[in-house]
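Biologist: I'm new to this one. Could you walk me through it, one question at a time?

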Amino acid sequence: LLRTAPLTMAEQKKAEFYWTEENKTIKEPENPTKKDHIFLGWYVGDIKYDFSNKVTKDIVLTAKFKKDEVTITFDIYDGLVVSTQTIIKGTTIDIPEIPKRDGYKFLKWTLNEEEFSFDTKINENITLTAVWEKIQYVTITFDTLGGNIIDPVTIEKYTKLDKLPVAEKEGYKFIEWQINNQKFEEDTTITSNTSLVAYYEEVND
């Protein structure tokens with residue numbers, strides 16, 4: 001009797017029965033198939049059956065399978081693995097959470113140095129490698145020309161100030177911040193260390 005495990009009532013009806021004389025061998029049948037699985041062999045209990053053995057008693061051969069899976073490894077940097085995903089071969093993987101690394105900005109995942117598309121169907125074990133960009137910082141200083149003291153602000157390069165501070169100077173009304181005698185716009189992207197100078201109008205009593 002050949003079967004696939006577990007042997008349900010429906011499967012019993014599909015099972016193949018073989019009769020042979022005692023002390024004779026039986027011919028190995030064609031390998032069965034199961035969707036998304038790999039056939040491991042015919043087993044008697046937990047032991048793989050050897051078809052060169054002679055049959056001395058009634059036996060039940062059970063087809064064993066394992067899921068046809070592949071593993072995706074996510075390498076953050078220098079071989080540091082953040083996680084893995086195991087999926088059915090020929091399917092796609094879930095986009096993982098964006099990894100974090102002090103002092104760096106995450107850019108993308110790559111496979112063999114090429115940007116990886118998460119629409120790709122995976123048919124083998126692969127390792128995806130994170131690509132990073134080192135974060136650079138710039139400092140903005142504020143010259144109030146003898147007014148209140150405003151601490152310098154350090155931000156990531158190529159970003160903008162959240163909010164410009166207000167300068168205060170006795171006898172003067174603060175108008176704007178300037179750089180090179182031109183108004184500094186609040187939505188300006190900062191690309192280098194910058195010194196802003198307060199511009200005032202004198203207040204007449």
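Biologist: Take the contacts between residues at least 6 apart in sequence: what share joins residues at least 24 apart?

Modeller: Keep in mind that this is a predicted model. Count the contacts in the chain between residues at least 6 apart, then pick out those that join residues at least 24 apart. That share comes to 51%.

Biologist: And how many strands does the chain have?

Modeller: Helix is scarce in the list of elements: the chain has one. The rest of that list is strands, and there are 14.

Biologist: How confident is the prediction, as a mean pLDDT over the chain?

Modeller: Of the residues, 90% reach 70 or more. Residues 1-7 are a weak spot, with pLDDT below 50, although that stretch has 26 contacts in the model beyond near neighbours in sequence. Where pLDDT is low, the predicted coordinates should not be read in detail. For the chain, the mean pLDDT is 87.

Biologist: What percentage of the 205 residues is buried?

Modeller: Let's start from the outside: the chain exposes about 14900 Å², and carbon and sulfur atoms supply 45% of that area. To be called buried, a residue has to be under 20% relative accessible area. Among the 205 residues, the buried ones make up 28%.

Biologist: There's an open sheet with the order β6-β5-β9-β7-β8. Which strands stand at its edges?

Modeller: Five strands form this sheet, and the pairing is mixed. An edge strand has a single partner, so one side of it is left without a neighbour in the sheet. That description fits β6 (80-88) and β8 (114-115).

Biologist: How many bridges join β7 to β9?

Modeller: Strand β7 covers residues 104-111 and β9 covers residues 126-134, and the two run antiparallel. You can follow the match-up residue by residue: Lys-105 has Glu-133 as its bridge partner in β9, and Trp-109 stands opposite Ala-130. The number of bridges joining these strands is six.

Biologist: Which residue takes a positive phi in the hairpin of β7 and β8?

Modeller: These strands also run antiparallel, joined by two bridges, and Thr-110 stands opposite Glu-115 in β8. The hairpin has two residues between the strands. The one with a positive phi, near 55°, is Asn-112.

Biologist: Now the inside. Which residues have the most contacts within the largest nonpolar core?

Modeller: That core has 15 residues, and β5 (69-77), β7 and β9 each supply at least two of them. In soluble globular proteins, nonpolar side chains tend to be buried together. The residues with the most contacts inside this core are Ile-72, Ile-93, Ile-122 and Leu-128.

Biologist: How many residues are in the other core, the one that includes Val-138 and Ala-167?

Modeller: It lies apart from the largest core. Phe-142 and Trp-177 are also among its residues. In all, the count is 14.

Biologist: In the open sheet with the order β11-β10-β14-β12-β13, which are the edge strands?

Modeller: This sheet is formed by five strands with mixed pairing. Strand β10 (residues 137-143) runs antiparallel to β11 and is joined to it by four bridges, and Thr-139 has Thr-154 as its bridge partner in β11. The strands that pair on one side only are β11 (153-156) and β13 (182-183).

Biologist: What about the aromatics: which residues form a cluster with Phe-142?

Modeller: The structure holds eleven aromatic pairs. One of them is Tyr-49 with Phe-51, edge-to-face at 4.9 Å centre to centre and 90° between the planes. The cluster you ask about joins Phe-142 with Tyr-172, Phe-174, Trp-177 and Tyr-200.

Biologist: Is Tyr-49 buried or exposed?

Modeller: The cut-off for buried is under 20% relative accessible area. Phe-51 is at 13%, so Phe-51 counts as buried. Tyr-49 is at 14%, so Tyr-49 counts as buried.

Biologist: Last one: how far apart are the C-alpha atoms of Asp-36 and Asp-68?

Modeller: Asp-36 sits in the loop between α1 (9-14) and β2 (37-44), and at 36% relative accessibility it counts as partly exposed. It touches Asp-68, along with Lys-66, Lys-67 and Ile-88. Asp-36 and Asp-68 are 32 residues apart along the chain, yet their C-alpha atoms are separated by 5.4 Å.

Methods: Residues are numbered from 1 along each chain as its sequence is written. This is a predicted model: local features need pLDDT of at least 70, side-chain atom pairs count only at pLDDT 80 or more; totals for chains, interfaces and linings use all residues. Side-chain values use heavy atoms; hydrogens and water are left out. Buried means under 20% relative accessible area, exposed over 50%, partly exposed in between (1.4 Å probe, protein chains only). Contact means heavy atoms within 4.5 Å. Accessible areas come from the Shrake-Rupley method with a 1.4 Å probe; for residues, only the protein chains shown count as cover. Two strands pair if DSSP finds at least two bridges between them. pLDDT is the predictor's confidence in each residue, from 0 to 100. A nonpolar core is a set of buried Ala, Val, Leu, Ile, Met, Phe, Trp, Tyr and Cys residues joined through side-chain atoms within 4.5 Å. Rings of Phe, Tyr and Trp (its six-membered ring) pair if their centres lie within 6.5 Å; planes under 30 degrees apart count as stacked, over 60 as edge-to-face and the rest as tilted. Lists of a residue's contacts leave out its neighbours within four places in sequence.
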